Amino acid sequence: MSDKIPNMDFDADEVIENFKSKIKWPSGDDVEVVVTPPKVGLKVLLSCVLTLIAGAALYYANFPALNPKSSELYLFVIALIVIFCAIFYWLIGARKKVERKEYAKRKSVIPLIMVGVIILVMLVGWLVGATLFRAKAYSNIMQVTNSSYAEDFENVKYDEVPRLDATTAKVLADQQLGYLDEYMSQYVVTLNSTQINYKGTPVRVAYLEYADVFRWLSNTKDGLPAYMLIDLVSQKVQVVNCVEKFGEGIKYSPTELFNEKLLRHLRFQYPTALLDIPNFEIDDDAHPYWITAVLDKTIGLFGGTDVKGVIITDALNGESEYYSIDTVRTDESLNWIDVVYSERLVLEQYNYHGRLSNGFWNSVFFRKDVNVASTGSGNIALDDDVWVYTGVTSSESDSSNFGFILCNQRTKETRYYKNGGATETSAQESARDAVQNYGYRAIFPILLDIEGQPTYFMSLYGDSYTVKGYALVNLDDKTIVGTGLLDVEKSDAKALNAAVTNYIDALKDKGKVDESADAEDYKVDETESGDTAENTDAENTENPQPADTAEEQTVTGEITDIKSSVNDGNTVYYLQVNGTYYYIKVADQMEVLLLAKGDTVTITFDKADGSFLPAKTVTKQ
């Protein structure tokens, strides 16, 4: 045996690396053998069952129309395919075993082909309805007729047109709701009010919404107890108590959850219908209904949106009935319906008409006779219907209109008037400049006829979004402006009369009318309150007034909040001191106009209970 010690001069790490280089484990890309998972048939079946469960939940949450003209349906089917593949991938253990991952990849070819076919159908459907190829069809969706401004507006009186828009109407409704202790902590007024004609008077109706999910839990069993009715002329707000008037509350509305949610309720009744956003309306008996337009895609698969029918849903019990659009237009028993075509839809259709009447390429390059609706729109009552009003301007967004249109929201009858002049935005700026010392703004104007002059009429409002006055601006010459302010004139009627007097004087100064023009022909009776809604059948809930007592009290404190409103033509200020609101008319004490948050005041009032108390005097300390 050798006495020599063996050579041990080697690196262990080097030996290990050499060994590892000879034994290479396969990666996913190197696997060529695909192993079928055990019980694959059962797992496919289980994947289908789980996909159906997930799909049912997804359908319940999003409720797409089962209609080939609904893009949401195609996206829903794609989502189901993705869900199935994900569940199957998980069930066969593809995340952990590379050979099963390869099996899942090969079996995913068919689902991918299905997704590709769906996307291709959507793409082709969109292309065959693109304005590039179907410009003429788009321009003919809406038929527009020329009409006479002098004839159609002959009987429209400026003292009978809406003085509130959606925003200012909501502020008044919020204030009225705040007077009612049983409602104010549970509900809020919706932003989505609807302007309608109620027995010849322009009003807005607004449903209530639950203040939060906890209020919903507490009140959903009985539904929403009331809705708000805002007279746009007299500016009075009424709370119509459905429980007292009809025996039950509003059980179906957009603010509900689960099966009582309005659109979900309608989807289960009409699974294939393409539904527009429902409008809240009332009939001549003040009964609340939901009016939902059923849409159709008339060009290609997804283009040329139009209305083909209406679903009328009883807001109290959820019963619905479908009527074709021709029936709604001709059946006199349905004339109480005012809003079928949304402002968004009619303006979209008019823009197609104005842009594409002479072809697609003309709208892009030559732009001959191309016109569009101007920025903004309003509503006006005419022929006992509600019409959308907007100016018409060139596609270059000029600062002037060369005409305007009216579109009937029930029948889609559209009239064009060739009366050019300032845009509505320019008129609003002129009105604002005329009262710039007050910082008032103007609502979207309505075009009227005064002394044969097309005239923009608009209300003025301040930071509190309550009406502060009125302005009249000439369409042809926006420098001709007449204003009347409530803080100066002390009443709504006097402010209207001051505006028309100042406007006619300005017309005379510019030679627009002769000296025989008389403002007395347009003035309203200053002794009347203008409460045109008092003849309605809706329940009239006046602002609660605390009972007077002989004991007079005083309170001194810091003003933590200030609100104002116009009631019966009088501006009323509400001052919050020590958690209670004290209200007083500006006509009774002009000094309240100078008060601001943070001021310390002493208020005298008669002893009474409640969150809103009438003040006798307010003195700044």
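The following exercises, with worked solutions, concern a predicted model of a protein chain.

**Exercise 1. Describe the overall make-up of the protein chain in terms of secondary structure, burial and contact range.**

Solution. Begin with the secondary structure: the protein chain comprises 18 helices and 28 strands. Next, consider burial: of its 621 residues, 50% are buried. Finally, take the contacts between residues at least 6 apart in sequence; 58% of these join residues at least 24 apart.

**Exercise 2. Identify the nonpolar cores and the residues that characterise them.**

Solution. The largest nonpolar core contains 92 residues. Within this core, the most contacts are made by Tyr 227, Met 228, Ile 230, Leu 406 and Met 458. Among the contributing elements, helix α18 (residues 492–509) gives the most, namely 8 residues. A further core of 27 residues lies apart from the largest one, and its members include Ile 325, Tyr 341, Leu 347 and Ala 373.

The surroundings of Met 458 can then be examined. Leaving aside residues up to four places away in sequence, Met 458 touches Ala 427, Gln 428, Ala 431, Ala 442, Ile 443, Pro 445, Tyr 470, Ala 471 and Val 473.

**Exercise 3. Trace how β22 is paired with β21 and β23, and determine how far β22 is enclosed.**

Solution. First, the pairing with β21: strand β21 (residues 453–461) and β22 are antiparallel, with 7 bridges. Tyr 456 has Val 473 of β22 as its bridge partner. These two strands form a hairpin with 5 residues between them, and Tyr 465 in the turn has a positive phi of about 60°.

Second, the pairing with β23: β22 and strand β23 (residues 481–485) are also antiparallel, over 5 bridges. Here Tyr 470 is matched with Gly 484 of β23, and the hairpin joining β22 to β23 runs through 6 residues.

Third, the burial: 8 of the 8 residues of β22 (residues 467–474) are buried, so this strand is largely enclosed by the rest of the structure.

**Exercise 4. Classify the mutual orientation of helices α6 and α14 and list the residues through which they meet.**

Solution. The axes of α6 (residues 131–139) and α14 (residues 343–356) come within 8 Å and cross at roughly 110°. Angles of 65 to 115 degrees count as roughly perpendicular; therefore α6 is roughly perpendicular to α14. On the α6 side, the residues concerned are Thr 131, Ala 135, Tyr 138 and Ser 139, which meet Tyr 352, His 353 and Leu 356 in α14.

**Exercise 5. Locate two non-glycine residues with positive phi, Asp 384 and Glu 451, and assess their exposure.**

Solution. Asp 384 has a positive phi near 60° and belongs to the loop between β13 (378–382) and β14 (385–394). Its relative accessible area is 49%, so Asp 384 is partly exposed. Glu 451 has a positive phi of about 55° and is situated in the loop between β20 (446–450) and β21. With a relative accessible area of 26%, Glu 451 is likewise partly exposed.

**Exercise 6. Is Asn 408 buried or exposed, and which residues does it touch?**

Solution. Asn 408 lies in strand β16 (residues 403–408). The cut-off for a buried residue is under 20% relative accessible area; because Asn 408 has 2% relative accessibility, this residue counts as buried. Beyond residues up to four places away in sequence, Asn 408 touches Asp 385, Val 386, Trp 387 and Glu 413.

**Exercise 7. State how many disulfides the structure holds, and compare the exposure of Cys 48 and Cys 242.**

Solution. The structure holds 0 disulfides. Cys 48 is partly exposed at 33% relative accessibility, whereas Cys 242 is buried at 0%.

Key
Residues are numbered from 1 along each chain as its sequence is written. This is a predicted model: local features need pLDDT of at least 70, side-chain atom pairs count only at pLDDT 80 or more; totals for chains, interfaces and linings use all residues. Side-chain values use heavy atoms; hydrogens and water are left out. Helices (H or I, at least four residues) and strands (E, at least two) are DSSP runs, numbered from the N terminus. Buried means under 20% relative accessible area, exposed over 50%, partly exposed in between (1.4 Å probe, protein chains only). Contact means heavy atoms within 4.5 Å. A nonpolar core is a set of buried Ala, Val, Leu, Ile, Met, Phe, Trp, Tyr and Cys residues joined through side-chain atoms within 4.5 Å. Two strands pair if DSSP finds at least two bridges between them. A disulfide is a pair of cysteine sulfur atoms within 2.5 Å. Axes are lines fitted to C-alpha atoms, for helices over the stretch in contact, and angles run from 0 to 180 degrees between N-to-C directions. Angles under 35 degrees count as roughly parallel, over 145 as roughly antiparallel, 65 to 115 as roughly perpendicular and the rest as oblique.
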